[in-house]
Amino acid sequence: MDFLETSEHRDLRDTVRAITAKFGPQYYVPRAEAGEPTSELWAELGRNGFLGINLPEEYGGGGAGLAELAMVCEETAAAGCPLLLLLVSAAISGEMISDFGTEEQKRDWLPRMASGAAKVVFGITEPDAGSNTHKLSTVAERDGGDFVINGTKHYISGVDEAEAILLVTRTGKDENTGRGRLSLFLVPTDTPGLVATPLPVSAKLPEKQFTLHFDDLRLPASALLGEEGNGFQQVFHGLNPERITGAAVCVGVARHVLAQAADYASTRSVWDTPIGAHQAVAHPLAKARIEADLAALMTAKAAWLHDNDLPAGEASNVAKYAAAEAAGAAVEAAIQTHGGNGLATEYGLLPYWGIARLLRIAPVSREMVLNFVAQHSLGLPRSY
């Protein structure tokens, strides 16, 4: 297993960080506070070929892998601009369209996603289903040559910025298990029968959350992504990239806030020496740095496994858990280092707390990761 970074990877990181640093926290924080999208940075990353770095070259992508996309996610966050939609549009939707889409779907969507001209968000979560995808109640039924969709989705990110939603639906039932069969559809956001209602959240993020209602929404059969009824396998193929890129964002957030805290602790003096000289301040920051570095290694391993078509479920879950915990600890230490200034808008730390806290819950909660490791790594009885 070799997931050491090459000189090309270092150049990639340097370039992405340089582009993002032109925007930086002075750009990101006001947009997060106001709930406004980071459209200018997204467009700049697209113009430079980084939004589709993991997509095939024949469809306008960079022909690289998830490891390279994870680097983009980490470096944008480390430069103070964590982009939640990189997880959704570039990692989940981009990878799934690339792997399961028809030739027409790939040519229609992937070049525009790679350039930044189009975003495709992911719709799976429901109010009553949570992590239990077999319990989805959003149903797609055949009507002649079309599909008609009814149901509700909850906590869907970035719908106002997206051209389409990659929607997970139930289409029939498995006669052997009694579980619902799943199918995926590309649903343009202007399709009649779709109502998107903003879902207010208190965390300060540029990306808005939505509840989606589907009322007899009609789609042609050409909107089906992959094989009808085989969506469960497709969805789980797409979840590892989301967890890996989510971990990368967390590592980047940790790096950003720790750099800010270290700078503050080196210059802020209450008595005669900078506060960073005191172990009570220095040790939490050092501990958070160690945890972030360890999470980065696990993230690199998970991405390498995915890119080499090896089982990546365990590593992806562990990376996401470790990185989210590390980001949370880093932001907490950074805020505490700043004292009262940690809550001041001037220092801009609370938006990073918001995304770090969110990523301990989504795209998979820390408790579900622990369930996975207990069952699959330790061989303990299934608990749910």
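# Cavities, helix contacts and two backbone details

The lining of the largest cavity divides into five nonpolar residues, one polar residue and three charged residues. This cavity belongs to a predicted model. Its volume is about 50 Å³. Which residues line the largest cavity? They are Pro37, Thr38, Trp42, Leu83, Leu85, Lys119, Glu161, Pro206 and Glu207. The charged members are Lys119, Glu161 and Glu207. Thr38 is the polar one.

How many cavities of 30 Å³ or more are there? The count comes to two. Trp42 appears in the linings of both the largest and the second largest cavity. The second largest cavity has a volume of about 40 Å³. Along with Trp42, its lining holds Leu51, Leu55, Ser89, Ala90, Met113 and Ala114. Helix H5 (84–100) and helix H6 (103–115) are the elements that give two or more residues to this lining. By class, six of the lining residues are nonpolar, one is polar and none is charged. Ser89 is the polar residue here.

Now turn to the pockets. The second largest pocket has a volume of about 450 Å³. Its lining is made of 23 residues. Phe3, Glu5, Arg13, Met71 and Ala300 lie nearest the pocket centre. Four helices each supply at least two lining residues: H1 (7–21), H4 (66–78), H7 (231–267) and H8 (279–307). Which helix gives the most to this lining? H8 does, with eight residues. The pocket lining has twelve nonpolar, three polar and eight charged residues.

Next come the helix contacts. Two packed helices are described by the angle between their axes and the distance between the axes. H7, one of the helices that line the pocket, also packs against H5. Their axes are 9 Å apart, at an angle of about 150 degrees. That angle is over 145 degrees, so H5 runs roughly antiparallel to H7. The crossing is right-handed. On the H5 side, the contact residues are Leu87, Ala91, Ile92, Glu95, Met96, Asp99 and Phe100. They meet Gln234, Val235, His237, Gly238, Pro241, Glu242, Thr245, Gly246 and Val249 in H7. By class, this contact has eight nonpolar, five polar and three charged residues.

A second helix pair is H2 (residues 24–34) with H10 (residues 350–361). Their axes come within 9 Å and cross at roughly 70 degrees. An angle from 65 to 115 degrees counts as roughly perpendicular, and H2 and H10 are therefore roughly perpendicular to each other. This crossing is left-handed. H2 brings Pro25, Tyr28, Val29, Ala32 and Glu33 to the contact. H10 brings Pro351, Tyr352 and Ile355. Seven of the contact residues are nonpolar, none is polar and one is charged. The charged residue is Glu33 of H2.

Two backbone details remain. Most residues other than glycine have a negative phi, and most peptide bonds are trans. Where does the chain have a cis peptide bond? The bond from Ala362 to Pro363 is cis, with omega near 0 degrees. Pro363 sits in the loop between H10 and helix H11 (366–377). The other detail concerns phi. Asp216 is not a glycine, yet its phi is positive, at about 50 degrees. Asp216 lies in strand S7, which spans residues 209–220.

Note on methods
Residues are numbered from 1 along each chain as its sequence is written. This is a predicted model: local features need pLDDT of at least 70, side-chain atom pairs count only at pLDDT 80 or more; totals for chains, interfaces and linings use all residues. Side-chain values use heavy atoms; hydrogens and water are left out. On a 1 Å grid over the protein atoms alone, a cavity is a set of points where a 1.4 Å probe fits but cannot get out, and a pocket is an open set with protein on both sides within 12 Å along at least five of seven lines; lining residues have an atom within 4 Å of a point. Grid points are joined across faces, edges and corners, and a volume is the space filled by probe spheres set on the points. Axes are lines fitted to C-alpha atoms, for helices over the stretch in contact, and angles run from 0 to 180 degrees between N-to-C directions. Angles under 35 degrees count as roughly parallel, over 145 as roughly antiparallel, 65 to 115 as roughly perpendicular and the rest as oblique. A crossing is left-handed if the near helix is turned anticlockwise from the far one by less than a right angle, and right-handed if clockwise. Contact means heavy atoms within 4.5 Å.
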